[in-house]
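Colleague: I'm new to this and would like a close look at just one spot in this model. Could you pick a place to start and then walk me outward from there?

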Amino acid sequence: ETLRILSRIPSEVSVDILEALSNFHHPANLSEGKRHLLLTKLRGKVLHPFFKRHDVPEANLYELRLSHGSPLDCSYSSLQKTMSRETTTEIGVELEKILTEISKHLQEPGSHRIILGTTTDELILDPLLDRISMLIRYFSTQQNGFFEIRTRSHDLQHLLDLPHARKTMLT
């Protein structure tokens, strides 16, 4: 997956390969941090209970966390709050692990709504990652799974003709 993503990066963009994440020093300020993307292994689970209020998880509502941070440069964005400790957008690249965890979760009884875009606007990163269309196709085949994509992007055209089987919402 990492090689596929690297192959999509324009040749004029500088790429550094680090042996360990501990070798990366996060830029001191947010503006400089937005010039970096970290492609990393996923840390922990990708599905998390979704809390509309701080102490009450919503039944059968989960957030899909594939990345952390935001490449957006808007002071009003709630996504800026996700960058309180680290200034760089970090992208988990283990697609197989992502699909395995979602598949295992959807085997549980009941319908499940899974939200993408609460901690990072994944659609902004999709020209590089090309994961959204794959996830839409995946959810179109699931009996009890619904996929919600939250975005501020207006570049949705490439998603509109995908076979979604009424299992995907764009908000």
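Modeller: Let's start with glutamate 148, which is buried, with a relative accessible area of 3%. Here, "buried" means under 20% relative accessible area, "exposed" means over 50%, and "partly exposed" is in between (1.4 Å probe, protein chains only). Before we go on, keep in mind that this is a predicted model: local features need pLDDT of at least 70, side-chain atom pairs count only at pLDDT 80 or more, and totals for chains, interfaces and linings use all residues. Residues are numbered from 1 along each chain as its sequence is written, and side-chain values use heavy atoms, with hydrogens and water left out.

So who does this glutamate meet? The side chain of glutamate 148 forms a salt bridge with that of arginine 113, 2.7 Å from N to O. The pair links distant parts of the chain, with glutamate 148 in strand E7 (residues 145-149) and arginine 113 in strand E6 (residues 112-116), 35 residues apart. Strands (E, at least two residues) and helices (H or I, at least four) are DSSP runs, numbered from the N terminus. A salt bridge is a side-chain nitrogen of Lys or Arg within 4 Å of a carboxyl oxygen of Asp or Glu. As background, side chains of opposite charge can pair when their charged atoms come close.

Glutamate 148 also has a salt bridge with arginine 150, where the closest N and O atoms are 2.7 Å apart. Put those together and you get a network of salt bridges linking Arg113, Glu148 and Arg150. Arginine 113 is partly exposed at 28% relative accessible area, and arginine 150 is partly exposed as well, at 26%.

Now step outward. The whole structure has 6 salt bridges. Another of interest is between arginine 43 and glutamate 90, whose closest N and O atoms are 2.3 Å apart. Arginine 43 lies in the loop between strand E1 (37-40) and strand E2 (47-53), and glutamate 90 is in strand E5 (residues 89-92), so this pair ties together parts that are 47 residues apart in sequence. The two ends sit in different settings: arginine 43 counts as exposed because its relative accessibility is 54%, while glutamate 90 is buried at 7%.

Stay with E5 for a moment. In a regular strand the side chains alternate between the two faces of the sheet. Here, Thr89 and Ile91 point one way from E5, Glu90 and Gly92 point the other way, and all are buried. E5 has neighbours too. It is joined to E1 by 4 bridges, and those two strands run parallel; leucine 37 stands opposite threonine 89 in E5. Strand E4 (residues 67-68) is joined to E5 by 2 bridges, but this pair runs antiparallel, with serine 67 having isoleucine 91 as its bridge partner in E5. Two strands count as paired if DSSP finds at least two bridges between them.

What about the helices? Helix H4 (residues 122-129) is mostly covered, with 6 of its 8 residues buried. Those are Glu122, Leu123, Leu125, Asp126, Leu128 and Leu129. Right after H4 comes aspartate 130, with a positive phi near 55°. Isoleucine 5, over in helix H1 (residues 2-7), is 125 residues from aspartate 130 in sequence, yet their C-alpha atoms are 8.3 Å apart in space. Isoleucine 5 counts as buried because its relative accessibility is 0%. Leaving out residues up to four places away in sequence, isoleucine 5 touches Leu39, Val93, Leu128 and Leu129; a contact here means heavy atoms within 4.5 Å.

Helix H3 has two sides to look at. Its buried residues are Leu95, Ile98, Glu101, Ile102, His105 and Leu106. Seen down the axis of H3, they fall within an arc of 135°, so they line one face of the helix. That arc is taken over the directions from the helix axis to the C-beta atoms. Turned away from that buried side, H3 carries the exposed residues Glu96, Thr100 and Lys104.

Finally, zoom right out. The protein has 6 helices and 8 strands, and 43% of its 171 residues count as buried. Among contacts between residues at least 6 apart in sequence, 68% join residues at least 24 apart.
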